[in-house]
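Student: I should like to work through the structure shown here by question and answer. Please reason each answer through before giving the result.

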Amino acid sequence: MATEMTGGISPVQAFALVGVAGVAAQWLAWRFRLPAIVLMLAAGLVLGPVTGWFVPARDLGVIIQPMIALAVAVILFEGGLTLSFKKLADARPAVRRLVYIGVPLGWVTSSLALAFGAGLGWEAAIVFGGIMIVTGPTVIAPLLRQAKLTSRPAQVLQWEGIVNDPIGALAAVLALEIVLVRNSAVPWGEALVQLVFGIGFALLIGLLGGWLVVQAFRRGWVPEYMKVPLLFVAVLAVFACSDSLLHESGLLAVTVMGLMIANADLPSYHELYRFKEHATILLVSGVFILMGAGIEFQTLAGLNWWRAALFIALVVLVARPLTVLISLIGTRLPMKERLLIAFTGPRGVVLVAVSGVFAERLVAEGIADGALIAPLAFVLVLVTVVLHGFTLRPVAQRMGLASGDRPGLLIVGGSQFSIGLATALQKADVEVLITDPNPDHLRLARAAGLQTFYGDILGEAAEHNVEFIAYGGILAASDNDAYNTLVASDLAPEFGRESIWQLARHKEDRARHALPTQLGGSAVMGNRTLTQYLELLAEGWHFRVTRLTEEYQLDDWRAARPEALPLAVVSNRELWFVETDDDLPDKPETRIISLLPPGAVIQDNEPDKKTKEKAKAEAEAVRRGEGNGSLDPAGA
């Protein structure tokens, strides 16, 4: 029934307000490195119960529940789209154990915590317990970046969140179906047939929808520009078709559809996933604002707070640690890493979004305890995100599992230029990793004591073996211009275009060879090619790190070294490459990494004759191939 609009805002104003508030909260979270979910929930609370500016039931009426249901369907589809069985098979044994053993065990322990801690009945407990399996990749990833954990625990936590995201939702959907059928006014035998038929139909239509999408994309039945709109419409159609037969089975269908597409190895998968990721960000923002604004203080006040506190304590101190420690028995992880993983379990997007939909469904079926699910989810998310957001970093440092506050840089390409730059950056307290798909290119870097990764930085091996969280930027500086452009363009959405730099390409100054601005990375001071930098090194130019102080300022540095070529700056635990003189800050404790001509300063590490000859040979090799991978230090 439509609600009265008196004293409220129009639906158009409500949509605009939800969109602006949600995106603004996510931007503020990024800007100040705070958990986005906390700011979104806070924004919803301020707009709703605190000020009364926006009350969803009053301002949007009957369309609220369909909106949230469709948004949750897209969120779960995106979750299924992230789960590749191939990646799961290649994942670390610890991650597989957290899935195969941790998921059912976590379901049981969470349900017990709900039953004995929060006092929920078994129907509500098993449904909510299934959702609580999810640790939330959208929450854990920002926390890991902020905490800068060492490689193993960071990767285990990140992969656990990615893999368990759709599995937890799937478990909750199955539990809800069982509860709904159990409470229907039909005999057990008929109810069981209805349940099996409904779940079977959901699985069938999800697989069929996914298969049709895969065939349409693979066989070219759909033009490229229509793939994303078709996918979006297919998700809505599969959800509506399945849900019309059995309530809430549409969520199972779209999750299965996402799994089908994720494992089809489509050429367009990354473009499709990025769009869904962007759509999910908008939908998540909307769902959180709506739920925060729809919270009533009377509902929160209706919680038994000592039982709610007991429930949260059981989840954080018993259920999660018990699940993880049992699952990781027999792995090679040190005990301190197991303990850190065991006591790190923030909940996020899927928990709040799905619990709100399921809670109302349970209440509609006469299960009164369902009304407590939404406020319990709200409190659990708020407590775990705030708790881990403020304690993960110091706890990891105390346990020796934090990588420090050093900025990090990935350098693609193992040339003399990369080696010299990486060595200088290490002196400026920057963590550097040199990557190259040619093992010969990395021999000199390893001999210099630098960290290296042999393989394609865009490949699946890099996903499992490179600690991307520890590196805030990328410099594409290989001898292959096309590969540099591909790396910069492909990783830009993950790192941000402002954090990816690329050496100049050969002939890029000619109109015939110019690329559009959306391809490649940002330029480095002087816009030189790798060949030009190698020729400078062959002439005796060398890298230098200069620290500015109160007494020795930027003008003093410029006056002392007028011919210096500034390349990068390390200031306030951040690293960036210099594109113009305006990028050089005049602040104490700033470190400037530059190239100096021979004889500019007297230093112990003046390049020797052999180093100059290698740089000259590399420059000639790159020039001959014009950046097509001809560099061969072994034969130089």
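The exchange below concerns a predicted model and moves from its overall make-up to its cores, surface patch, salt bridges and aromatic pairs.

Student: How many helices and strands are there in the protein?

Tutor: Helices and strands are taken as DSSP runs, with at least four residues for a helix and at least two for a strand. By that rule, the protein has 26 helices and nine strands.

Student: What percentage of the residues is buried?

Tutor: A residue is buried when its relative accessible area is under 20%. The protein has 636 residues. The buried share of them is 53%.

Student: What share of the contacts with a separation of 6 or more comes from residues 24 or more positions apart?

Tutor: A contact requires heavy atoms within 4.5 Å. Among the contacts in the protein with a separation of 6 or more, the share from residues 24 or more positions apart is 74%.

Student: Which helix gives the largest share of the largest nonpolar core?

Tutor: The largest nonpolar core holds 122 residues, and those touching the most other members include Phe54, Phe128 and Phe311. The largest share of this core is twelve residues, and they come from H10.

Student: How many residues make up the other core, which includes Ile419 and Leu442?

Tutor: This other core lies apart from the largest one, and Ala422 and Leu425 are also among its members. Its number of residues is 38.

Student: Which residues does Phe54 touch, not counting those up to four places away in sequence?

Tutor: Contact is judged by heavy atoms within 4.5 Å. With residues up to four places away left out, Phe54 touches Ile9, Ala14, Leu17, Val18, Leu47, Gly48, Asp59, Leu60, Leu290 and Ala293.

Student: Which element gives the largest share of the nonpolar surface patch?

Tutor: The patch covers about 910 Å², and its residues include Tyr100, Leu317, Met335 and Phe343. Two elements, H16 and helix H17 (335–342), give two or more residues to the patch. The largest share, four residues, comes from H16.

Student: Why does Leu339 count as partly exposed?

Tutor: Leu339 is placed in helix H17 and belongs to the nonpolar patch. A residue is partly exposed when its relative accessible area lies between the buried limit of 20% and the exposed limit of 50%. Leu339 counts as partly exposed because its relative accessible area is 32%.

Student: How many residues apart are Glu160 and Arg320?

Tutor: The side chains of Glu160 and Arg320 meet in a salt bridge at 2.7 Å, N to O. The pair links distant parts of the chain, with Glu160 in helix H10 and Arg320 in helix H16. Glu160 is buried at 3% relative accessible area, and Arg320 is buried at 9%. In sequence, the two are apart by 160 residues.

Student: In the salt bridge of Lys227 and Glu224, which residue counts as exposed?

Tutor: These side chains meet at 3.1 Å, N to O. Lys227 has 7% relative accessibility and counts as buried. An exposed residue needs over 50%. At 51% relative accessibility, the exposed residue is Glu224.

Student: Where does Glu589, the partner of Arg547, lie?

Tutor: Arg547 and Glu589 form a salt bridge with their closest N and O atoms 3.1 Å apart. Arg547 is partly exposed at 40% relative accessibility, and Glu589 is partly exposed at 44%. Arg547 is in strand E6, whereas Glu589 is in the loop between strand E8 and strand E9.

Student: Why is the pair of Trp501 and Phe577 described as tilted?

Tutor: Both residues are buried, Trp501 at 6% relative accessible area and Phe577 at 4%. Planes under 30 degrees apart would count as stacked and those over 60 as edge-to-face. The ring centres of Trp501 and Phe577 are 5.1 Å apart and the planes lie at 55 degrees, so the pair is tilted.

Student: Which residues form the aromatic cluster that includes Tyr533?

Tutor: Phe417 is buried at 2% relative accessibility, and Phe543 is buried at 11%. The members of the cluster are Phe417, Tyr533 and Phe543.

Key:
Residues numbered from 1 in each chain as written. Predicted model: local features only at pLDDT ≥ 70, side-chain atom pairs only at ≥ 80, totals over all residues. Heavy atoms only, no water. Salt bridge = Lys/Arg side-chain N within 4 Å of Asp/Glu carboxyl O. Buried < 20%, exposed > 50% of the residue type's maximum accessible area, 1.4 Å probe, protein only. Phe/Tyr/Trp six-rings, centres within 6.5 Å; stacked < 30°, edge-to-face > 60°. Patch = residues over 30% accessible without salt bridge, like charges linked within 9 Å, V, L, I, M, F, W, Y side chains within 5 Å. Areas by Shrake-Rupley, 256 points an atom, 1.4 Å probe, with all protein chains shown as cover. Core = buried A, V, L, I, M, F, W, Y, C linked by side-chain atoms within 4.5 Å.
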